There are 2 protein chains.
Amino acid sequence: MREVMVIGAGITPFGELWESSLRDLGIQAGLEAIRDAGITSSDIDALFVGNMAAGRLIEQTHIGALIADFAGLAGRNLPTVTIEGADASGAAAFHHAYLSVASGLHECVVVGGAEKMTDLPDADVTEIMSTALDQQWESFFGATLFSMYAMIARRHMHEFGTTREQLAQVAVKNHAHGALNPQAQFRRPIKLESVLGAPRVADPLGMLDCAPISDGAAAVVLCSADRARKLPGQRVRIAASAQAGDTLSLGRRRSLTAFDASRVAMEKALRLAGRSRKEIDLAEVHDVTTISEILAVEDLGFVKKGEGGRAAESGMTSLSGQLPVNTSGGLKARGHPLGATGIAQIIELWAQLTGKAGRRQVNDARVGLAHNVGGAGATAFVHILEAA
Amino acid sequence: MREVMVIGAGITPFGELWESSLRDLGIQAGLEAIRDAGITSSDIDALFVGNMAAGRLIEQTHIGALIADFAGLAGRNLPTVTIEGADASGAAAFHHAYLSVASGLHECVVVGGAEKMTDLPDADVTEIMSTALDQQWESFFGATLFSMYAMIARRHMHEFGTTREQLAQVAVKNHAHGALNPQAQFRRPIKLESVLGAPRVADPLGMLDCAPISDGAAAVVLCSADRARKLPGQRVRIAASAQAGDTLSLGRRRSLTAFDASRVAMEKALRLAGRSRKEIDLAEVHDVTTISEILAVEDLGFVKKGEGGRAAESGMTSLSGQLPVNTSGGLKARGHPLGATGIAQIIELWAQLTGKAGRRQVNDARVGLAHNVGGAGATAFVHILEAA
């Protein structure tokens, strides 16, 4: 398969965007990505959209066609598709868009993610997010995505001595990063005590341990390397696009405290990229809860199993640490519009690897990793991007 | 890109399957496809699932992971994905599964489609199917998928003199075909008068002009040609996998009586396959309504625009006609479990091209075409399969 580059990015602010519809957000991100790439929409061969739940959230399926239509791409009869892998839908769309260019089918495509979550009451959104679990054996009985992660957190504390404070440190760190990201939903630092004292969502996780409900969209343009080299703009190389899966039900897993899908996707990605973990300069990981980031740092092999809590506590994963994790603010502070998240992670790598990350710039960032998880770990993607 | 073969197929009966859940149906079709291919699940590299609306129909997203889990594939941490393009989700999943093998990423994959529609009242299902239209400018105001097709039918009658009887002939023909298909939802011939006298859905379309609400699943195994040739079983070559799009809103189209997405996808497919229309021995087309088949036969270029009604009336598209269309019974009689339909069409070609279509076998069938449409024509896929 041939080499593929990211050549442009567009992202809306994430947050409660009551004045914008999903199509508004999708078009804004998509057209910004096309402009950023220094091309025009006539250069685009196809549109890929990651979306988890618009069918219920806004009673709209066929989102790919919708956005192509209102972005003015429909006149050219472009192929469009919507790809879903729970809240890893963004990375799933990126993976298949990458494949369409790597295979030679397309020369240049837009891949975006979008979700509009704030048009419904929070309780409905919680229920909709929980459709990523096993409906028949988990969510039907009242389990929610956050209650599942709460169980995982409890078990992690029991097995490895992870503390409530270590969980909270993840949120403190990611809010500190988000404060440096003008596109983040939350742009204020928070204190450890605030996390510890916040209302409970599912014990031990509180409000500030959980990613918020967000509207937003993000898009990038992918292009064959040959074509990208002829364009005047910046570019970043996709060194690996890897996916792995696991049982949907937590109860059928080997372990409650490790996501094998993350581990296997990481092994594949390192092999594809021909890289070792030490060469990764920064990582965007799936911190839908604070325990999720701890699991991710462990399952991706950056620290030993059980030491993810200490990684946050010690500052290892801070902007100035050995491996900056979630410099964008992560799902926690940048926001988590389900289908958009995987693409937003890629855009953070794009910003860092092209030296455009402003106050949160990682020095000499050459290799970045994005890790997007669906639900409670049944789907995981790892993408490795490199400065080109 | 390398050559790809279909090497096995599995399909559940379509109908009101109250005793089976979506996961039951998906597993049944998938495992049957694997057995039919003469391989084992350890040969499978990934699972692709076409599904339109399980998030609302049964409150379950992450269907790919669900089916992999309960089919016993999760232990191998296989990648899974759900792909949506309204009721062309099945063909969309097939297209991307094909690409994953053609590109060399995977050697052997299962691609299935599934939908469980009968767990909700019909009115809810009508609303859910209508999410494939433009929610903000069409379905919000009460438009449904069938009312849109009714407008198209009225306009077609006005522009081309298509008659109510010609519409009805499509249903009569497809029920006659369905009567020969043991897997079809409706296995009884119907009379012209029954179609004309059936209760109205949206004038001029009546109950027997519209595809039913169905549960069902269908799956095929795709494999690289090199690998397929080493296996003992039958195989069918994928000669073309093509997609095109159009505006989501009908109001923004060039014409109400032609689907440009179908026309453009057909042109691409013929080019990819190096075939002319005359070489196509049979076609499965998207007859979600009777007018839909008339449009399809025209837009695919088998007859001139405006002559699709006469094609049904004259017997040209009957089993014994010049171009047998919808020998399976089509969406109308075989049933239309949204995400499963595109795969069911492929399975009809598989049966015909391997000589296993029993009483509905087309003599000397060598080249077959499948045409799957999303919503009211914003997405169209054309696949061409050939006996190998």
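1. A salt bridge is a side-chain nitrogen of Lys or Arg within 4 Å of a carboxyl oxygen of Asp or Glu. D69(A) and R252(B) fit that description: their side chains meet with N and O 2.8 Å apart. This pair joins chain A to chain B. Between chain A and chain B the count is 4 salt bridges. Keep in mind throughout that this is a predicted model.

2. How are the two chains related? A rotation of 180°, with 0.0 Å of shift along its axis, superposes chain A on chain B. The RMSD is 0.0 Å. That is the relation of a two-fold axis. The interface fits this picture. Of the interface residues of chain A, 100% are also interface residues in chain B, so the copies meet through the same surface.

3. Now the contact itself. Chain A gives 59 residues and chain B gives 59 residues. Together the chains bury about 4600 Å² between them. Carbon and sulfur atoms account for 50% of that area. Three residues stand out on the chain A side: H62(A), N77(A) and E84(A) supply 15% of the area that chain A buries against chain B, more than any other three residues.

4. Look again at H62(A). It sits in the loop between helix 2 (54-57) and helix 3 (63-70) of chain A. Its phi is positive, about 60°, although H62(A) is not a glycine. Is H62(A) buried or exposed? Its relative accessible area is 2%. Buried means under 20%, so H62(A) counts as buried.

5. Helix 3 of chain B deserves a look as well. It spans residues 63-70, and 7 of its 8 residues are buried, so the helix is largely enclosed by the rest of the structure. The buried ones are I63(B), G64(B), A65(B), L66(B), I67(B), A68(B) and D69(B). What covers them? Both chains take part. From chain A, the cover includes strand 3 (80-84) and strand 11 (379-387). From chain B, it includes helix 1 (22-36), strand 2 (46-50), helix 2 (54-57) and strand 3 (80-84). Just after the helix, G72(B) takes a positive phi of about 80°.

6. Next, salt bridges in general. Side chains of opposite charge can pair when their charged atoms come close. The structure holds 52 salt bridges over all chains. One of them joins E386(A) to R275(A), with the closest N and O atoms 2.7 Å apart. This pair links distant parts of the chain, 111 residues apart. E386(A) is in strand 11 of chain A. R275(A) is in the loop between helix 10 (260-273) and strand 9 (282-284). The partners differ in exposure: E386(A) is buried at 6% relative accessible area, whereas R275(A) is partly exposed at 27%. Both belong to a network of salt bridges that also includes E3(A), D226(A), R229(A), R237(A) and E279(A).

7. D203(B) is worth a stop. Its salt bridge with R154(B) brings the closest N and O atoms to 2.6 Å. D203(B) lies in the loop between strand 5 (200-202) and strand 6 (205-206) of chain B, and R154(B) lies in helix 6 (residues 145-160), so the pair ties together parts that are 49 residues apart in sequence. D203(B) also forms a salt bridge with R200(B), at 3.8 Å from N to O. D203(B) is partly exposed at 45%. R154(B) is partly exposed at 41%, and R200(B) is partly exposed at 37%.

8. Check the backbone right after D203(B). The peptide bond from D203(B) to P204(B) is cis, with omega near 5°. In chain A, the bond from D203(A) to P204(A) is cis too, with omega near 10°. P204(A) lies in the loop between strand 5 and strand 6 of chain A.

9. Another backbone point concerns N326(B). Its phi is near 60°, a positive value in a residue other than glycine. N326(B) is in the loop between helix 12 (308-313) and helix 13 (330-334) of chain B. It is buried, with a relative accessible area of 0%.

10. Finally, the surface. Which residues make the nonpolar patch of about 420 Å²? They are W137(A), F140(A) and F141(A). W137(A) is in the loop between helix 5 (122-129) and helix 6 (145-160) of chain A. At 52% relative accessibility, W137(A) counts as exposed.

Notes: Residues numbered from 1 in each chain as written. Chains lettered and ligands numbered in written order. Predicted model: local features only at pLDDT ≥ 70, side-chain atom pairs only at ≥ 80, totals over all residues. Heavy atoms only, no water. Patch = residues over 30% accessible without salt bridge, like charges linked within 9 Å, V, L, I, M, F, W, Y side chains within 5 Å. Areas by Shrake-Rupley, 256 points an atom, 1.4 Å probe, with all protein chains shown as cover. Helix = DSSP H or I, 4+ residues; strand = E, 2+ residues; numbered from the N terminus. Buried < 20%, exposed > 50% of the residue type's maximum accessible area, 1.4 Å probe, protein only. Least-squares fit on C-alpha atoms with pLDDT ≥ 70 in both. Contact = heavy atoms within 4.5 Å. Buried area = accessible area lost by both parts, 1.4 Å probe.
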